[in-house]
Amino acid sequence: MSGLSYTAPSTISEAVSLLANASGLAKVLSGGTDLLVQMKSGRLKPALIVDTKKIPGMIGIREIDGAFVIGAATSGALMGEHAGLVAAWPGVVEATNLIGSTQVQGRASLAGNLCNASPGADSPPAMIAAGAIAVIAGPAGTREVPVEAIVTAPGRTSLAKGEFITEFRLPKKPARSGDAYLRFIPRTEMDIAVVGCAIAVTLDANGVCIAAKVALGAVAPTQLVVAGAAAALIGNKLTDAVLAKLDAECQAVCKPITDKRGTIEYRTKVAGVLARRVAAIAFQRAGA
Amino acid sequence: MTYIGNKSDLRVVGTRPDRPDGVEKVTGRAVYGADFRLAGQLTGRILRSPHAHARIIKIDTSKAKALPGVKAVMTAEDLPNITSEEAFVGEGPTNFRDQSLNVMARGKVLYEGHAVAAVAAMSPSIAEAALALIEVTYEVLPHVIDVEEAMAPGAPILDENLFTAGVDPKPTTPSNIAKKIILKSGDIDAGFAKADVIAEGRYVTAAVHQAYIEPHACVATIGADGQATVYASSQGHFMIRSFCAKLLGMEISNIRVIPLEIGGGFGGKTIVYLEPVALKLSQISGKPVKLVMTREEVFRASGPTSGAVVEVKMGAMKDGTIVAAQAVLKYQAGAFPGSPVQPGLMCAFAMYDIANVHVTGYDVISNRAKVAAYRAPGAPISSYAAEQVVDDLARQLGMDAITIREKNAAKAGTKTVYGVTFPEIGYEAVLAAAKSHAHWKAPLGKNQGRGIATGFWFNIGGESSASVFVNEDGSVSVVSGSPDIGGSRASMAMMAAEVLGIPVDNVRPIIGDTASIGFTNVTGGSRVTYATGMATVQATEKVIEQLKQRAAMIWDISPDAVDWKDGQAVPAGANAGGFDPLSLAAIAAKAGKTGGPIGSEVSVNAQGAGPGFGAHICDVEVDRETGQTTIIRYTAIQDVGRAIHPSYVEGQIQGGAVQGIGWALNEEYIYGA
Ligand SMILES: Cc1cc2nc3c(=O)[nH]c(=O)nc-3n(C[C@H](O)[C@H](O)[C@H](O)COP(=O)(O)OP(=O)(O)OC[C@H]3O[C@@H](n4cnc5c(N)ncnc54)[C@H](O)[C@@H]3O)c2cc1C
């Protein structure tokens with residue numbers, strides 16, 4: 001029988017050196033709601049599991065001058081219970097809270113959701129739109145990268161051997177800003193996104209959009225940052241014409257696949273529909 | 001006999017006592033299939049085909065057998081190669097040979113997931129390692145999944161020895177169409193000639209799984225003396241016994257099947273998958289063997305219901321009278337014959353009194369898991385299509401959807417296409433209830449729509465056994481042979497309590513194993529409350545006769561002079577004598593001195609079950625941009641007869657509606673994706 005070692009170090013440096021020096025496949029464990037499923041199905045046979053949850057700071061949410069630091073292994077449930085975070089970044093929280101069921105919420109983390117690198121993951125588009133930064137520890141020290149730089153392809157990330165994410169940073173929400181996330185699934189629970197869309201906007205005193213970031217999930221091998229869609233919003237109020245432009249820009253970048261959850265045509269169309277609906281929520285949250 | 005259905009002064013029946021299995025289930029103490037274990041048991045695992053259709057050239061199990069910790073490896077070679085024989089063991093006809101080939105492929109695999117070999121080992125990880133060591137050489141064959149493609153000339157043939165039954169002259173080339181069935185009444189052409197409007201449509205339904213919460217699971221053990229015991233959760237332990245005996249060439253008397261708590265079946269557990277394999281592995285290893293399916297195995301290798309194509313054409317006169325109804329039903333059977341196309345044909349138009357009916361059914365095999373029964377097997381598929389066409393007729397005629405159904409409703413005296421003339425039935429009452437329900441008239445919002453459909457199911461009786469014992473303290477045990485998937489223990493206890501005139505808390509219901517109660521058909525076909533209930537009521541009445549005799553003995557009067565009232569023996573009248581009533585407990589306490597223990601067992605083959613009808617109204621809202629469909633309101637009107645335990649009946653109706661919604665909106669099997 002092949003051996004499997006489990007270890008739960010209590011410091012970041014210990015975890016880094018365990019991961020860096022592992023000879024076989026080493027996997028970081030946060031909630032395990034992806035990892036354990038993949039191991040049970042036989043898809044993944046790691047030799048070493050490094051559980052990060054015993055490392056101080058990996059679980060928990062800190063608010064520093066209006067900005068937020070979220071431990072990489074913090075569960076969706078903890079995020080949903082954090083009133084300050086919910087008030088500041090409702091889109092990030094609602095995206096995270098869409099993951100799985102109540103049981104899954106007790107475990108599922110942002111780091112796991114991101115690093116599992118599924119195109120359909122719910123929280124990454126919302127983190128990207130919100131401008132979240134991932135803090136990475138590794139053999140060469142610590143580095144900070146925007147969330148959109150982590151996933152490179154389905155199941156692949158830009159993390160090097162020995163590296164793992166320790167926390168996510170969300171900026172202080174600018175005045176008159178709002179974010180939102182919607183996903184489309186044919187049923188109401190326990191399904192993976194056909195399309196996910198997150199938008200964060202900042203408005204001026206007249207309700208005109210002065211900053212925007214639009215991210216799509218499940219319509220390409222990785223999450224997409226849709227610059228054209230953001231450009232369609234900036235300098236404008238949410239008129240029908242602007243919504244139509246937003247819709248078209250989102251559809252234009254989609255490179256989905258046809259699978260059991262939806263065809264290319266369907267996913268592309270729904271991406272535009274969701275973008276319009278998400279924009280309306282984000283603008284309303286920003287005070288429009 | 002006491003006809004509970006007609007009694008007006010019921011005290012227990014119709015109330016909602018706590019269910020006898022409730023505490024065990026909510027506290028996690030109930031022992032389901034996968035919970036059961038025997039000392040020294042081995043873990044069994046099944047190797048399944050990765051191909052939809054392939055010839056098995058060779059299975060080399062030598063490496064698996066040599067792995068330390070592996071105690072048994074088997075293939076179809078270890079099972080008797082039995083001949084074709086019709087079996088009426090589960091819910092609907094099947095064939096023992098097909099079942100043998102389904103539990104373990106011989107010569108060919110016929111669907112992805114088809115079992116090809118099995119192992120039993122000291123641990124799950126050894127068992128899994130052993131599976132990986134079994135080398136199967138396949139010659140992959142072209143396969144066919146879709147029902148109409150399977151029917152088409154030139155389709156890959158699953159069984160070279162299968163010739164379509166029911167066609168004249170007997171075909172000379174093999175076909176995937178196992179059977180063609182035609183039912184007809186009147187003159188269909190003349191009927192359509194009379195019609196002012198004609199509606200028709202082609203309807204496709206998906207194969208969907210029953211998706212019971214509990215995967216199939218069993219533990220089997222067989223001793224050196226050939227005595228076997230199987231512990232399993234199923235819809236019929238006698239069914240398991242029959243199949244194991246046939247498939248393994250064993251004597252019925254050498255097999256005892258002990259039912260465990262069942263976590264849902266919906267028809268899907270009226271058949272065996274694991275038990276014969278576990279028994280064979282136990283025989284080879286000399287140890288008890290436990291087999292538990294994973295959820296994936298349940299989906300891949302146990303029976304969904306048929307996916308189908310149904311074509312319906314109906315004609316009506318201007319006044320709404322339906323004068324012709326025609327349908328062609330093409331039902332997937334899975335890899336072996338035996339789809340529920342026959343009940344599909346019988347049920348399609350059973351709600352209506354139509355003079356000219358012509359229905360044709362095809363039972364079609366393809367490279368899918370063998371279908372199994374699912375809630376009124378076959379009926380929802382054909383009803384779905386027929387009901388759409390009835391709606392189309394109503395639209396063309398400008399008639400209300402309930403009115404056209406009322407106009408054509410079957411009633412006492414209506415002769416069905418399958419030959420039965422209905423007695424008093426409830427369809428018109430169901431329609432009247434639907435029409436007068438506030439839901440039918442409630443306003444609809446934007447993007448919302450309303451549909452109605454009605455349905456029919458026979459209900460059957462069949463063979464059931466129950467025994468009723470009075471314990472020393474006057475409490476009562478009810479033992480039946482029916483696994484409880486929908487509240488039968490509660491119902492049996494309530495019926496016994498009702499007849500005895502005692503509180504239901506004084507009655508403990510259990511399910512007897514195959515050696516401790518008489519033969520009982522599967523829990524299926526909507527038969528248990530009726531048939532097992534009949535056995536229970538009759539056994540209870542026999543017990544009352546005994547109680548009266550014992551009281552008569554105690555009072556030293558004639559048994560005829562004793563009445564049974566409110567749970568007590570009382571003198572039948574003034575002439576009988578002035579005795580104080582004797583309670584059940586008082587009589588039980590003296591049982592030893594008055595002839596010994598009091599109890600009775602009754603076995604019946606119940607006949608004459610009344611059919612059931614239903615009408616469901618559903619409002620949906622459709623998001624026009626995404627197509628997302630949301631159920632806004634759902635009302636089920638169901639002719640249930642006498643609800644013994646109304647909460648259970650409501651639960652059944654709610655569960656049925658939920659499964660129907662899933663079938664309509666979300667569920668399907670997608671192959672090759
Ligand atoms: C029933 C069920 C329903 C689900 N529904 C959804 C859903 O609706 N939407 C959705 O998006 N997902 C869903 N998922 C997937 C899963 O729950 C999420 O992706 C979850 O966020 C994963 O987080 P985790 O902490 O459990 O990750 P883990 O399983 O612990 O890890 C996942 C991957 O990330 C890696 N990883 C974990 N932590 C780190 C780290 N700190 N640094 C680097 N790599 C790391 C692991 O090595 C592994 O490869 C569902 C899963 C289940 C079982």
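**Figure 1. Overall dimensions of chain A agree with a compact globule.** A compact globule of 288 residues would have a radius of gyration near 19 Å, and chain A has 19 Å. The model shown is predicted. Along the principal axes, the C-alpha trace of chain A spans about 60 × 45 × 35 Å. Eleven helices and 14 strands make up its secondary structure.

**Figure 2. Burial and contacts in chain A.** Of the 288 residues in chain A, 49% are buried. Take the contacts between residues at least 6 apart in sequence: 60% of them join residues at least 24 apart.

**Figure 3. Surface and charge of chain A.** The accessible surface of chain A is about 12400 Å². Carbon and sulfur atoms account for 57% of that area. Chain A carries 28 positive and 21 negative side chains. The centres of these two sets lie 4 Å apart.

**Figure 4. Chain B contains 18 helices and 27 strands.** Its radius of gyration is 27 Å, close to the 26 Å that the globule rule gives for 673 residues, so chain B is as compact as a globular protein of that length. A box of roughly 85 × 75 × 50 Å, taken along the principal axes, holds the C-alpha atoms of chain B.

**Figure 5. Burial and contacts in chain B.** Buried residues account for 56% of the 673 in chain B. Among its contacts with a separation of 6 or more, 77% are between residues 24 or more positions apart.

**Figure 6. The largest nonpolar core has 61 residues.** In soluble globular proteins, nonpolar side chains tend to be buried together. Within this core, B:M314, B:F349 and B:F456 touch the most other members. Helix 11 of chain B, residues 379–397, gives the most to the core. Its share is nine residues.

**Figure 7. Close-up of the surroundings of B:F349.** The contacts described here leave out residues up to four places away in sequence. B:F349 touches B:V312 and B:M314. It also touches B:A325, B:Q326 and B:A327. B:I354, B:V357 and B:V359 are further partners of B:F349. B:A386 completes the list. Two of these names recur from the core: B:F349 and B:M314 are among the residues that touch the most other core members.

**Figure 8. Surface and charge of chain B.** Chain B exposes about 27500 Å². Carbon and sulfur atoms supply 52% of this area. There are 59 positive and 67 negative side chains in chain B. The centres of the two sets lie 2 Å apart.

Terms used
Residues numbered from 1 in each chain as written. Chains lettered and ligands numbered in written order. Predicted model: local features only at pLDDT ≥ 70, side-chain atom pairs only at ≥ 80, totals over all residues. Heavy atoms only, no water. Helix = DSSP H or I, 4+ residues; strand = E, 2+ residues; numbered from the N terminus. Rg over C-alpha atoms; globule rule 2.2 N^0.38 Å. Buried < 20%, exposed > 50% of the residue type's maximum accessible area, 1.4 Å probe, protein only. Contact = heavy atoms within 4.5 Å. Areas by Shrake-Rupley, 256 points an atom, 1.4 Å probe, with all protein chains shown as cover. Lys, Arg positive; Asp, Glu negative; His and termini not counted. Charge placed at Lys NZ, Arg CZ, Asp CG, Glu CD. Core = buried A, V, L, I, M, F, W, Y, C linked by side-chain atoms within 4.5 Å.
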